[in-house]
Amino acid sequence: MSTYEQDIRTALKNELDAGYLAEVGSAEDIFSLLMKVYPVSGSKIDWGRIPGAIKCTAGDGPEQITRFLKFFDEMNSRFALSGPVIYVGDSATDFALAGSLETMRRASPVLIEVPQHHYFVGPNGCWCICLTMEDDLDFARSNQSPLC
C-alpha cells in the first residue's frame, strides 16, 4: 500500500466507513476494461480517436479542483451520467474506489491531490472522465460498451 493510498483512506474514512465509498479491487482491472472499450496509445486512452470526445484544460493549482468539478458537473448534466462511478489512478495508487456520482464528486478534491492521471469511470466503461498530470480534462462515451 502506498502512502498516497493511506492518505486517501484517512481523508475519506467517514465515506468508507459509512459505505458511501468502497474499495472494489485493483486499478489494473479497471485499466484492462478501459483498454477493451476505448482506443489506446501506449498505456493511455487515445482521446483523439474517440468520436465526440471532449477535451479542455484544467489549469493547475487551486483552480484545477474548481475547473475539474465544473467539468464533472457539466458532463454529468449534458450526458445524464448515471450509475456507480469507479475511480482509479494510473501510478501512485493501486486500488479502485466505487461510489455514486455525488459521492465521487465530493471525494474528488482528495483524490485529485495525488500526482497521477485520474480516471472516473461509468458502469462497464460506458463513459470516462480523466484529469491528467498535464492538466488536461477529457471525457468520452464508449461505443463498445453495451450500456452506452
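**Helices, sheet and buried residues**

Me: Across which strands does helix 5 lie, and at about what angle does helix 5 run to strand 6?
Reply: In this predicted model, helix 5 lies across strand 1, strand 5, strand 6, strand 7 and strand 8. Relative to strand 6, the helix runs at about 140 degrees.

Me: Which strand does helix 4 run at about 15 degrees to?
Reply: Helix 4 spans residues 62-79 and lies across strand 4, strand 7, strand 8 and strand 9. The angle of about 15 degrees is the one to strand 9.

Me: In what order do the strands of the open sheet follow one another, and which are the edge strands?
Reply: The sheet is built from 7 strands with antiparallel pairing, in the order 1-6-5-7-8-9-4. An edge strand pairs on one side only, and this applies to strand 1 and strand 4. On average, neighbouring strands are turned by 20 degrees against each other, direction ignored. The order is thus 1-6-5-7-8-9-4, and the edges are strand 1 and strand 4.

Me: Which residue is the bridge partner of Ala22 in strand 6?
Reply: Strand 1 and strand 6 pair over 4 bridges, in the antiparallel sense. For Ala22, the bridge partner in strand 6 is Ala98.

Me: How many of the residues of strand 5 are buried?
Reply: Strand 5 is joined to strand 6 by 3 bridges, the two running antiparallel, and to strand 7 by 4 bridges, also antiparallel. The rest of the structure largely encloses strand 5, because the buried residues number 4 of the 5.

Me: Which residue of strand 6 is the bridge partner of Tyr87, and which residue of strand 7 stands opposite Gly89?
Reply: A hairpin of 5 residues joins strand 5 to strand 6, and the bridge partner of Tyr87 in strand 6 is Leu97. Towards strand 7, Gly89 stands opposite His118. The two residues asked for are therefore, by the bridge lists, Leu97 and His118.

Me: Why do the buried residues of helix 3 line one face, and within what arc do they fall?
Reply: The buried residues of helix 3 (27-37) are Ala27, Ile30, Phe31, Leu34 and Val37. On the other side of the helix, Glu28, Asp29 and Lys36 are exposed. The cover over the buried residues includes strand 1, strand 3, strand 5, strand 6, strand 7 and strand 8. Seen down the helix axis, the buried residues line one face because they fall within an arc of 130 degrees.

Me: Is Gln116 buried or exposed?
Reply: Gln116 is found in the loop between helix 5 and strand 7. Among the residues Gln116 touches beyond four places in sequence are Tyr87, Asp90, Ala92, Leu131 and Met133. The relative accessibility of Gln116 is 1%, and the cut-off is under 20%, so Gln116 is buried.

Me: With which side chain does the side chain of Gln116 make a polar contact?
Reply: Thr93 is one of the residues touched by Gln116. At 3.0 Å, the polar contact of the Gln116 side chain is with the side chain of Thr93.

Me: What distance separates the C-alpha atoms of Trp127 and Leu34?
Reply: Trp127 lies in strand 8 and is buried, with a relative accessible area of 3%. Among the residues Trp127 touches are Tyr38, Val85, Leu101, Phe120 and Phe139. Although Trp127 and Leu34 are 93 residues apart along the chain, their C-alpha atoms are separated by 9.5 Å.

Me: What is the geometry of the aromatic pair of Phe72 and Phe120?
Reply: The count of aromatic pairs comes to 6. In this one, the ring centres are 6.0 Å apart and the planes are at 80 degrees. The pair links helix 4, which holds Phe72, to strand 7, which holds Phe120, 48 residues apart. Phe72 is buried at 1% relative accessible area, Phe120 is buried at 0%, and their geometry is edge-to-face.

Me: How are the rings of Phe79 and Phe139 arranged?
Reply: The ring centres of Phe79 and Phe139 are 4.9 Å apart. Phe79 is in helix 4 and Phe139 in strand 9, 60 residues apart, and both are buried. The planes are at 20 degrees, so the pair is stacked.

Me: Which residues form one aromatic cluster?
Reply: Phe72 and Phe120 form an aromatic pair, and both belong to the cluster. The full membership is Phe68, Phe72, Tyr87 and Phe120.

Technical notes:
Residues numbered from 1 in each chain as written. Predicted model: local features only at pLDDT ≥ 70, side-chain atom pairs only at ≥ 80, totals over all residues. Heavy atoms only, no water. Buried < 20%, exposed > 50% of the residue type's maximum accessible area, 1.4 Å probe, protein only. Arc of directions from axis to C-beta. Contact = heavy atoms within 4.5 Å. Polar contact = N/O pair within 3.5 Å; in protein donor to acceptor, adjacent residues only side chain to side chain. Pairing = 2+ DSSP bridges. Axes fitted to C-alpha atoms, helices over the stretch in contact; angles between N-to-C directions. Phe/Tyr/Trp six-rings, centres within 6.5 Å; stacked < 30°, edge-to-face > 60°.
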